[in-house]
Amino acid sequence: MKKYLSIFFLLPALLLLPGCGGGDNKEESGENGGDEKFPAQDVTAEMEAYYKEKSEFFHFKTPEDIPADLEWTDNNQLSEIGSPKAKKGGTANARLQDYPATLRVVGPDANGSFRNYLLDEVSVNLAHRHPETLEFFPGLAQEWAIDKANKTVYVKLDPKATWSDGEPVTTDDFFFMFFFFQSKYIQAPWYNNWYGTQYTGITKFDDRTFSISVPEAKPDMDSRVLELGPKPAHFFKELGNDYPQRYQWRFQPTTGAYVVKDSDVKKGRSIALSRHKEWWALDKKHWRYRFNPDRIEFKVIRDTSKAFEEFKVGNLDGFGLSLAEYWYQKLADDNPLVQNGYIKKVTFYNDRPRPPYGLWINQAKPLLSNKDIRIGISYASNWDRVIEKYFRNDYTRMKTSSDGFASFSHPTLKARPFDIEKAVEHFAKAGFTKRGNDGILVDSTGNRLSFTLTTGYESLKDMLPILRQEARKAGLDLKLEVLDGTSAWKKTQEKKHDIVFSAFGTFVEMYPRFWESWHSVNAYETDEDGKKKVKTQTNNITSTAVPELDELIIKYRKSEDAEEMKQLAHKMDEIIHDEAAFVPGFVQPFYRMGYWRWVNYPDDFNVKISDGAGEWFLSWIDEEAKKETLEARKAGKTFPPSIKVYDQYKID
């Protein structure tokens, strides 16, 4: 589990190697980096005063105060991640659909799709879930101990743990983490709430030893602490009201393998990650066979078809082929690039919680606050036809917004099927009883039943006309708006959308989350005049506000009993289904990709819970093989074709 719920527009795997930046820039800021000048400021005194003011949360003790009967572990028995065959070096080439709006990972516009390459996938937390057993393996923590009775996790930091600028990672960075995330300066209400309510205190025993306590001994209590990542106090010394602007294009020092240089930030065009040569975890178990390329160059190519052409000539190392048109037609098995062995094709079945692809309906918009309209939209959405015609029945229909969480997912609930009669019936209840000359329903005042359907998935733009065409049969007009991912996300975060086709990021955790997307505190707030207004920059993009659901969410959040949580999760799914603000779309049980033969993967290709080919950074580049392949292609020399299916984790 991650300590927060990231939302981003999930594109098909067009990147061979997702990266996560971070890193201190020792170069002077240039025209492409963060060169704006800001007045000097120092938050240190405020931080220290905050620790004193919140003495019930921030505690200072000595090593002698650590309980003597704790059982410390590092789970060293877990199998190694990655392949010993992996080689360091080379340059990987990948594509971005659009340029990031910021290089911050917290605050306004920070949760875009590029954040994966800045934070989520390579930064080192205290510990990480093993991809096969889901037990924790060490990251920044050398070892840890769980005191469930007192709802506390004790941690000893790895003495080698270091920020990319050479500063050691210490307990103070975890103290500052709470100060940072609880601060209004960051303009990120979700973080303020999570770090202000989901933890009850942190105790420093020495520079490398601390404990963190939580309010409930939930079934996954250990993950609440072990998946935390620190914040470098020395870097954020200038934290203040201008945080979003001051840190807009500055990379913070990282605990991960890759850093970003100012000279590699070409706004609107490209960005690159460079492997930190003195990375502290270079030889650490579970990390040493990963993060292999010396450099990962990302080039902005907005059009997917153009990116595909770049891939076919070798300018991109890999390309996502999960869409049927690419797998079966544009790079079919009999394509010369495949048959001559230059490009390999692979299908990998994974097993993890599924991103909730579907239609998210903004109830704060006129007409969409009417439940009958939303139910009508659900019945007018023909996802089965989309799956049949566009995905060639390779995908399946999603049932709820929380599929893939084993017994925590609802056992019987299903999405509403396409049903024109029922759609028309519910539209009529909302006053739309007559059809205009174009077949679209109108009400007694002549208002058409028409809404804008927005998406940031340029690669799926040809799927949406199927939904639109089918919806018209029920008298519903969907005006399609295809934006780049950053613009679509910005519009959604500002709650300016009618309906958005999107998916939240999902993490491998025991149970689904509801507070972020469904609690009313993330839908509305009160302005200075005491008037209710839509709350922006939250994950409640449907503007859902149901008192009964709110109560269940809080009870679910506080529960320590797994069975009770399952029943609560099922009841909440039923309410969400009844509200019809989310229309479940499809589930992709695998990912497919093509990659040039100079790219290598482990013998079993990837890990069980991988969300994409590059998520765990297991591949490596063979520069000699690249030279050999390109020369062979010119000379007409061929290699054995490679089309493989890895189904060891396929769910029947």
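Two strands are taken as paired when DSSP finds at least two bridges between them. With that in mind, good morning, and let us turn to the model, which is a predicted one.

I begin with a residue pair. Leu 359 has Phe 501 of strand E21 standing opposite. The strands concerned are E15, residues 358–361, and E21, residues 499–502; they run antiparallel and are joined by four bridges.

Both belong to an open sheet of five strands with mixed pairing, and the order across the sheet is E20-E19-E21-E15-E24. At the edges stand E20, residues 477–482, and E24, residues 582–584; each has a single partner strand, so one side of each is left without a neighbour in the sheet. On average, neighbouring strands here are turned by 25° against each other, if direction is ignored.

What packs on this sheet? Helix H12, residues 464–472, does so, and touches E15, E19, E20 and E21. The direction of H12 makes about 165° with that of E20.

I now move to the domains. The protein chain is divided into three: domain 1 covers 29–275, domain 2 combines 319–350 with 594–646, and domain 3 covers 358–587.

Consider the interface of domain 2 and domain 3. Their C-alpha centres lie 36 Å apart. In contact across the interface are seven residues of domain 2 and nine residues of domain 3. Between them, the two domains bury about 690 Å², of which 52% is on carbon and sulfur atoms. Which residues of domain 2 supply 59% of the area that it buries against domain 3? They are Leu 323, Ala 324 and Tyr 328, and no other three residues supply more.

As for polar features, the rule finds zero salt bridges across this interface. It does find two residue pairs in polar contact, both at pLDDT 80 or more.

Finally, a further sheet. This open sheet has six strands in the order E1-E8-E9-E7-E6-E2, again with mixed pairing. Its edge strands are E1, residues 58–60, and E2, residues 72–73, each of which pairs on one side only. E2 pairs with E6, residues 141–147, over two bridges and in the antiparallel sense. Within that pairing, Trp 72 has Ala 145 in E6 as its bridge partner.

A helix packs on this sheet as well: H2, residues 171–182, which touches E1, E7, E8 and E9. The direction of H2 makes about 160° with that of E8.

That concludes my presentation. Thank you for your attention.

Note on methods: Residues numbered from 1 in each chain as written. Predicted model: local features only at pLDDT ≥ 70, side-chain atom pairs only at ≥ 80, totals over all residues. Heavy atoms only, no water. Axes fitted to C-alpha atoms, helices over the stretch in contact; angles between N-to-C directions. Contact = heavy atoms within 4.5 Å. Domains from an automatic or database assignment. Buried area = accessible area lost by both parts, 1.4 Å probe. Salt bridge = Lys/Arg side-chain N within 4 Å of Asp/Glu carboxyl O. Polar contact = N/O pair within 3.5 Å; in protein donor to acceptor, adjacent residues only side chain to side chain.
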